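Work through the exercises below with the sequence and the 3D view side by side. Try each task before you read its solution.

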Amino acid sequence: IVTMKHSFAAVKTALVMTVMALAGLQSCAPKVDTQGLPLKVVYVAGEASDRTIAADEDGMFNFKIPVGYIPKGGVIEFDAAVNTTASCSKYYVVECKSGSTWYKGDMFMCSGRPTGAGAHPSTILQTFRLPEPVKGELEIRFRPTGKEKADTAATDSAVPEMIMSKSYLAEYVQYLGNAVPKDTLNVLCVGNSFTYYWGCPAMLKEIAWNEGHYLRVKSTLKGGQTLGDHLALPVSRNVVNAGRYDYAFFQDQSQSPARYASDTTQFDYVNTNFLKLTDRLLSRSRNCRVILESTWSFEKDDFGGFGSYAAFDSLMTIGTSMMVRNASKIFGANDFEVSPIGRAFSIVRNENPGIDLYSADSKHQSDYGSYLKACVNYLMIFRKPFQSQPAEGATSSIDCGIPHDQAAYLRQIAERVVLGAR
C-alpha cells in the first residue's frame with residue numbers, strides 16, 4: 001500500500017489509454033459516504049465505438065471520481081489498463097491527490113503502440129492510503145517521468161489523446177475501508193484474456209484484502225498470448241524483471257498445455273517457453289513460488305479441438321502437471337504447483353449449471369468465472385478456508401459484485417478443489 005509522502009512536478013507529453021473495468025464495490029463503514037464511487041463504470045466492452053479524450057496542457061491524464069467523503073487513513077484501489085502512442089514517455093507514474101499534495105504510487109512502462117500487433121496494455125493495480133480526508137472528488141493522474149519516448153522515432157508534435165477502447169471495460173475505483181492488513185505479499189500475474197476478463201487480478205486483491213492480507217499485484221496481460229509471446233514483449237519483460245515476487249501465476253494460451261499433453265514432441269515449445277519465462281522470473285525473484293494455471297475447457301470450436309469437456313480437461317491437467325514436474329527438476333530450490341481452476345469449473349458445470357461461468361462466446365469467463373478463478377488462486381497462496389462473510393444482501397468487495405449466495409457457493413467449490421474441504 002502506498003502511504004503518501006511526497007509531491008512531484010508535471011512533465012509534458014502524450015498518452016493514449018485503454019481503460020479496463022473491474023467489478024465490485026465494498027459496503028462502507030459508518031460516516032463514510034462513498035455514494036459517488038461507481039459499482040461499475042457505465043462504459044463497457046461491446047459499445048459501438050472507441051472514446052477519445054485529449055490530455056491536459058501538461059500532458060497529464062486525470063481521473064476525477066465523485067465521492068462524498070473518504071476519511072483520513074481510508075484505502076483506495078484504482079485499477080486500469082492503458083495503451084499508449086509512440087510519442088508517450090516510456091514510463092509513467094500513478095499519483096493520487098490528498099489535500100493539496102500529489103503522492104506517488106507505482107511506475108509503469110508503455111508499449112508506445114496503441115493498436116495492431118505491437119499494442120500491449122500496461123496494467124495498473126494501485127492502492128493508496130489517504131493521509132488526509134477527501135471530500136467531493138478523488139483525483140488520480142498518470143504523470144510522465146522523463147523525456148525518453150516509448151518510440152524514439154516519435155515527435156513531440158503528436159496530439160496527446162486517451163482512447164477508451166470498445167474492446168475493454170472502463171476504469172475501476174474501490175474504497176476498501178481503513179483496516180491495516182496483517183501481511184503483505186508481492187504477486188505477479190502473466191496471462192491473456194483468460195485473466196483480464198472481468199479484472200481477475202483485482203478480484204484476487206479484493207478477496208485477499210477482506211481476509212486481512214495486502215497483495216501488491218503486478219500484471220502483464222495481452223489477449224491471445226502464449227508464455228513464449230510474453231518473453232518477446234518489452235512490457236512483459238519489464239514487469240517480470242521488477243523482481244522480488246513472492247508468488248507468480250502463469251496463465252498460458254488456453255489450449256497450449258493440452259496440446260503439449262497430446263504430443264510432447266510437436267508441442268515441446270510450450271514446455272520450453274514456460275521454463276524460459278520461469279528462468280527469467282527466478283533470476284530476479286529467487287524465492288518465488290511459481291503457480292501454473294490449469295484453466296477451463298470450453299465448448300467453442302469443438303471444445304478447443306479436443307472433442308469434449310472431459311478430454312479437454314484431462315489434457316489440461318496432464319499438460320500442466322508435466323510442465324510443473326519438469327520445472328521442479330530444473331529449479332529444485334523453488335516450489336511449483338498447478339492451480340486447479342479447470343477442475344473447479346467442471347464441478348460447477350455439473351453441479352450447478354444455473355451459474356454460468358462463461359461469456360456469450362462460450363469460451364471466455366463471465367464475472368462468475370473470474371470470481372471462481374480468483375478464489376482458487378487466493379487459496380493457492382494462503383491454504384486456509386475463507387473467513388470473511390459479507391452481510392446477507394450486501395454489495396461488498398468480499399463478493400466482488402457477485403450475489404452473496406452464489407459467491408458463497410463458488411468459495412466452497414474453490415475450497416473443495418484446493419483444500420479438499422467438502
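The exercises deal with a sheet, with aromatic pairs and with charges over rings.

This is a predicted model, in which local features need pLDDT of at least 70 and side-chain atom pairs count only at pLDDT 80 or more, while totals for chains, interfaces and linings use all residues. Residues are numbered from 1 along each chain as its sequence is written, and side-chain values use heavy atoms, with hydrogens and water left out.

**Exercise 1.** Find the order of the strands in the open sheet of four strands, and explain what is particular about strand 3 and strand 6.

*Solution.* Begin with the terms: strands are DSSP runs of E with at least two residues, helices are runs of H or I with at least four residues, and both are numbered from the N terminus. Two strands pair if DSSP finds at least two bridges between them. In general, strands of a sheet pair through backbone hydrogen bonds, either parallel or antiparallel. Here the order is 3-8-5-6, and the pairing is antiparallel. Strand 3 (61-70) and strand 6 (101-109) stand at the edges with a single partner strand each, so one side of each has no neighbour in the sheet. Next, look at strand 3 and strand 8 (residues 134-144), which run antiparallel and are joined by eight bridges. Within these strands, Phe-63 stands opposite Ile-140 in strand 8.

**Exercise 2.** Describe the aromatic pair that Phe-108 and Phe-142 form, and decide whether each residue is buried or exposed.

*Solution.* Rings of Phe, Tyr and Trp (its six-membered ring) pair if their centres lie within 6.5 Å, and planes under 30 degrees apart count as stacked, over 60 as edge-to-face and the rest as tilted. By this rule there are 19 aromatic pairs. Phe-108 and Phe-142 are 5.2 Å apart, centre to centre, with 75 degrees between the planes, and this pair is edge-to-face. Phe-108 lies in strand 6 and Phe-142 in strand 8, so the pair ties together parts that are 34 residues apart in sequence. Buried means under 20% relative accessible area, exposed over 50%, and partly exposed in between (1.4 Å probe, protein chains only). Phe-108 is buried at 6%, and Phe-142 is buried at 0%.

**Exercise 3.** Which rings lie under the charged ends of Arg-141 and Arg-349?

*Solution.* A charge sits over a ring if NZ of Lys or CZ of Arg is within 6 Å of the ring centre and within 35 degrees of the ring normal. The charged end of Arg-141 sits over the ring of Trp-102, 4.0 Å from its centre. For Arg-349, the ring is that of Tyr-309, with its centre 3.9 Å from the charged end.
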